[in-house]
Number of protein chains: 2
Amino acid sequence: MGARPLAGSMARMRPFASLASKEEALARLLGAVAPLAATEQVVTVEAAGRVLAQPVVAPLDVPGFTRSTMDGYAVRAADTFGASTLSPKTLRLLAVTHAGDPAAPSVLPGTCVQIATGGKLPPGADAVVRVEGTRAGPEGHVVVVEMVTPGTSLAEQGSDIARGTEVLAPGVVLTPARVGLLASLGLTEVACYRRPRVLILPTGNEIVPLGSPVGEGQIYNSNTHTLAAVVRENGGIPLLHPVVADTLEAHVAALQKGMAEADLVLVSGGSSVGERDVLQDAVRPLGEILVHGVRVKPGKPLLVARLRSGQALIGFPGNPTSCLMNAYLFLVPALRALARLPPRPHRTVRAVLGERVLHQKGRFQFLPVRLEAGKAYDTFKGSGALTSLSEADGYIGIPEDVELLEAGTEVEVTLF
Amino acid sequence: MGARPLAGSMARMRPFASLASKEEALARLLGAVAPLAATEQVVTVEAAGRVLAQPVVAPLDVPGFTRSTMDGYAVRAADTFGASTLSPKTLRLLAVTHAGDPAAPSVLPGTCVQIATGGKLPPGADAVVRVEGTRAGPEGHVVVVEMVTPGTSLAEQGSDIARGTEVLAPGVVLTPARVGLLASLGLTEVACYRRPRVLILPTGNEIVPLGSPVGEGQIYNSNTHTLAAVVRENGGIPLLHPVVADTLEAHVAALQKGMAEADLVLVSGGSSVGERDVLQDAVRPLGEILVHGVRVKPGKPLLVARLRSGQALIGFPGNPTSCLMNAYLFLVPALRALARLPPRPHRTVRAVLGERVLHQKGRFQFLPVRLEAGKAYDTFKGSGALTSLSEADGYIGIPEDVELLEAGTEVEVTLF
């Protein structure tokens with residue numbers, strides 16, 4: 001990695017010093033990512049998917065009172081002993097109690113109170129006979145044809161959650177059930193870890209923002225869009241930035257913005273070894289380069305650094321497919337670690353190759369494939385081709401030392 | 001299903017007429033759901049996860065010009081024939097071209113142009129020798145040690161996408177790769193199906209909104225929160241509504257709001273057969289009841305209707321666990337059909353039961369389980385207990401005719 005060539009010179013490019021394996025590259029990246037410690041209060045109704053930052057201790061019993069779990073009749077269980085269709089027991093109906101009502105009058109021997117699901121158990125009663133266990137009786141009476149024991153069809157006060165119990169520990173992801181749990185405790189907001197802010201820096205003099213005309217030799221900015229989508233899908237907040245010119249000054253200014261405002265910095269383009277690939281030169285005074293070049297295909301020109309301000313930086317190749325495959329491989333685990341989210345669930349299906357696949361030895365290849373009737377077909381058309389991935393359902397990994405895979409080979413497809 | 005009892009009377013409750021199997025109930029619900037036809041324009045950078053409503057036809061070639069896929073040297077391939085480390089070929093370097101530059105001067109026999117990845121191929125050149133295939137040469141020259149054939153390391157104009165091609169068909173979900181594809185075509189927005197608006201109606205005199213004190217016999221509104229989270233996770237927009245009182249009038253007014261403003265109406269509570277379970281009476285004049293009661297546990301008191309205004313209505317039991325299990329089982333597929341999303345990917349793991357599980361025959365049971373070291377443990381504590389689900393990693397399904405599962409039985413756990 002020699003000195004930067006003079007502008008306008010015909011200096012040679014600088015090849016990669018050494019390529020890391022994908023495992024090494026990922027390990028070094030994860031080593032540079034410290035899970036975020038900052039927290040914020042999140043309104044309970046919007047807390048699904050967030051990561052809890054503090055223990056939740058129940059401020060009240062759930063249920064807050066002993067309640068019926070069925071529509072039926074609150075009884076003294078002893079009054080139903082021996083009841084059956086052949087030996088019905090008739091009880092006098094004292095009152096009706098619904099969910100939300102204060103407790104009804106006491107249930108004395110030989111009597112009952114009609115109770116709805118969620119109704120507060122009246123004093124004296126110790127069980128509920130469900131409506132299906134009763135028959136119509138004479139006016140003001142109910143005929144019980146089913147025996148119950150004390151506690152039947154009841155949820156005792158505090159039986160789900162006793163006041164003072166820690167119900168959720170820091171670090172758990174708030175699923176719908178856990179959000180419901182917070183709500184059932186009356187909690188209007190909850191402390192969660194802040195979502196990582198991820199600055200996305202598109203670089204390259206050839207890159208044009210959407211909405212502008214493309215001139216000769218120019219292309220539209222697609223990587224910002226793919227990276228922003230991956231960031232959102234994995235718990236981050238993408239911060240968009242205009243295209244950064246291929247100069248050291250522009251790169252340094254953009255990186256400093258990231259160091260001041262973001263939790264993770266992504267750069268697309270400029271990570272390779274071309275003359276205008278100034279990323280490594282811009283990064284060197286601002287931090288430490290941990291990886292430059294990785295033995296994967298597509299996606300070799302990956303750059304990973306730790307910035308002096310503590311954030312990790314990932315430099316992606318500008319080629320859209322390389323950029324996105326690197327995002328799945330490196331950005332997703334790093335961002336989820338930063339966000340304290342569990343690893344992305346991998347969904348895989350088994351399929352057989354529908355065609356022979358040739359492979360260049362020496363690099364781990366991620367081959368995008370389309371699934372059709374249980375067969376996997378190669379959709380890779382070059383690392384610049386976004387249709388390589390937009391037409392794919394997932395990808396297969398081909399190890400470094402494999403030269404070809406015959407049609408009919410069974411493969412495991414990781415779905416996007 | 002007799003007439004509604006007089007208010008304040010001690011009338012008996014009305015048992016379910018007949019219970020549907022879960023398959024029947026789901027089929028009837030899906031039969032009442034028409035995928036949304038309305039569309040809206042969505043900004044490309046926010047389109048990930050949305051469903052495309054119109055075909056996307058490429059307005060331009062991608063790449064828009066023949067470009068280099070490597071950092072290297074644009075050459076006439078014939079000049080490299082026979083080149084190797086032992087037989088190097090020296091070419092005169094004419095110029096340097098970077099991505100974004102207009103085309104460089106023509107490459108004549110015996111010359112080359114330094115080119116960066118993404119750079120426009122100069123006239124006369126028909127291939128690129130990657131930088132790794134070259135060595136330093138005398139001033140103003142490059143030594144080529146690798147032979148290339150015409151087309152090597154090039155992406156031809158239109159080779160990824162030819163202008164006028166339909167690149168995405170209506171109905172596809174916009175993955176990150178597809179969003180990138182839209183961006184690479186310069187499209188700033190795209191027509192997507194509208195997201196379903198889902199009105200959530202919590203009912204019950206006992207239900208108190210978060211932030212208020214709970215009185216005797218009252219509980220906090222948790223179902224709105226769990227349902228809103230499930231709706232968001234599955235492509236819908238939850239519309240929240242204050243608690244609806246247990247009166248026919250309040251129910252009818254709330255349902256009419258749903259008929260006017262929502263694409264799907266969810267009601268929690270009031271779907272059972274208690275005296276104040278007025279949902280069925282409120283729904284009958286406004287639509288057709290398709291399901292009332294389903295042979296699942298928890299979640300028997302499900303109500304499904306088709307409203308006269310065309311929307312489906314799902315009435316959930318008020319018990320939090322019943323409500324949420326029904327949401328996973330019935331709401332998720334119905335909402336995804338409405339949103340034109342593919343079925344929710346089911347992630348399953350195999351485990352062995354860590355304990356014996358007893359089961360009441362005649363109802364399909366969804367048993368929430370916690371996973372620990374490959375073993376599954378029952379977390380079900382009753383359908384009122386939210387900890388049944390908040391502590392679970394997933395659930396197992398126990399068929400209607402099974403009486404018990406011994407510890408050690410291998411089971412398939414569907415993860416939440």
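Two strands pair if DSSP finds at least two bridges between them. The exercises below use that rule on a predicted model.

**Exercise 1. Lay out the open sheet of six strands in chain A: what is the strand order, and which are the edge strands?**

Step 1. Read the order. The strands run E7-E4-E6-E5-E9-E8 in chain A, and the pairing is mixed.

Step 2. Find the edges. Strand E7 (127–130) and strand E8 (134–136) of chain A each pair on one side only.

Step 3. Take the twist. Ignoring direction, neighbouring strands of this sheet are turned by 40 degrees against each other on average.

Step 4. Check one edge. E8(A) is joined to strand E9 (residues 141–144) of chain A by three bridges, and the two run antiparallel. One residue pair fixes the register: A:Thr134 has A:Val144 in E9(A) as its bridge partner.

**Exercise 2. Describe the surroundings of strand E13 of chain A: is the strand mostly covered or mostly exposed, and which strands pair with it?**

Step 1. Apply the burial cut-off. A residue is buried if 20 or more other C-beta atoms lie within 10 Å of its own. In E13(A), residues 197–202, five of the six residues are buried, so the strand is mostly covered.

Step 2. Take strand E16 (residues 237–240) of chain A. E16(A) pairs with E13(A) in the parallel sense over four bridges. Here A:Val198 has A:Pro238 as its bridge partner.

Step 3. Take strand E17 (residues 264–268) of chain A. Five bridges link E17(A) to E13(A), again in parallel. Here A:Leu199 has A:Val265 as its bridge partner.

**Exercise 3. Relate chain A to chain B: what turn and what shift along the axis lay one on the other?**

Step 1. Superpose. A turn of 180 degrees with a shift of 0.0 Å along the axis lays chain A on chain B, at an RMSD of 0.0 Å.

Step 2. Name the relation. That turn and shift therefore describe a two-fold axis.

Step 3. Locate the axis. In chain A, the C-alpha nearest to it belongs to A:Arg347, at 3.5 Å.

Step 4. Compare the two surfaces. Of the contact residues of chain A, 100% recur in chain B, and the same surface serves both copies.

**Exercise 4. Break down the contact: how many residues does each chain give, and which element of chain A gives the most?**

Step 1. Count. Chain A gives 86 residues and chain B gives 86 residues.

Step 2. Assign elements. Those supplying at least two residues from chain A include strand E5 (89–97), helix H2 (176–184) and helix H6 (320–339).

Step 3. Rank. H2(A) gives the most, with eight residues.

Step 4. Sort by class. The side of chain A that touches chain B has 38 nonpolar, 32 polar and 16 charged residues.

Note on methods:
Residues numbered from 1 in each chain as written. Chains lettered and ligands numbered in written order. Predicted model: local features only at pLDDT ≥ 70, side-chain atom pairs only at ≥ 80, totals over all residues. Least-squares fit on C-alpha atoms with pLDDT ≥ 70 in both. Contact = placed C-beta atoms within 7 Å. Nonpolar A, V, L, I, M, F, W, Y, C, P; charged D, E, K, R; others polar. Axes fitted to C-alpha atoms, helices over the stretch in contact; angles between N-to-C directions. Buried ≥ 20, exposed ≤ 12 C-beta atoms within 10 Å, placed from the backbone.
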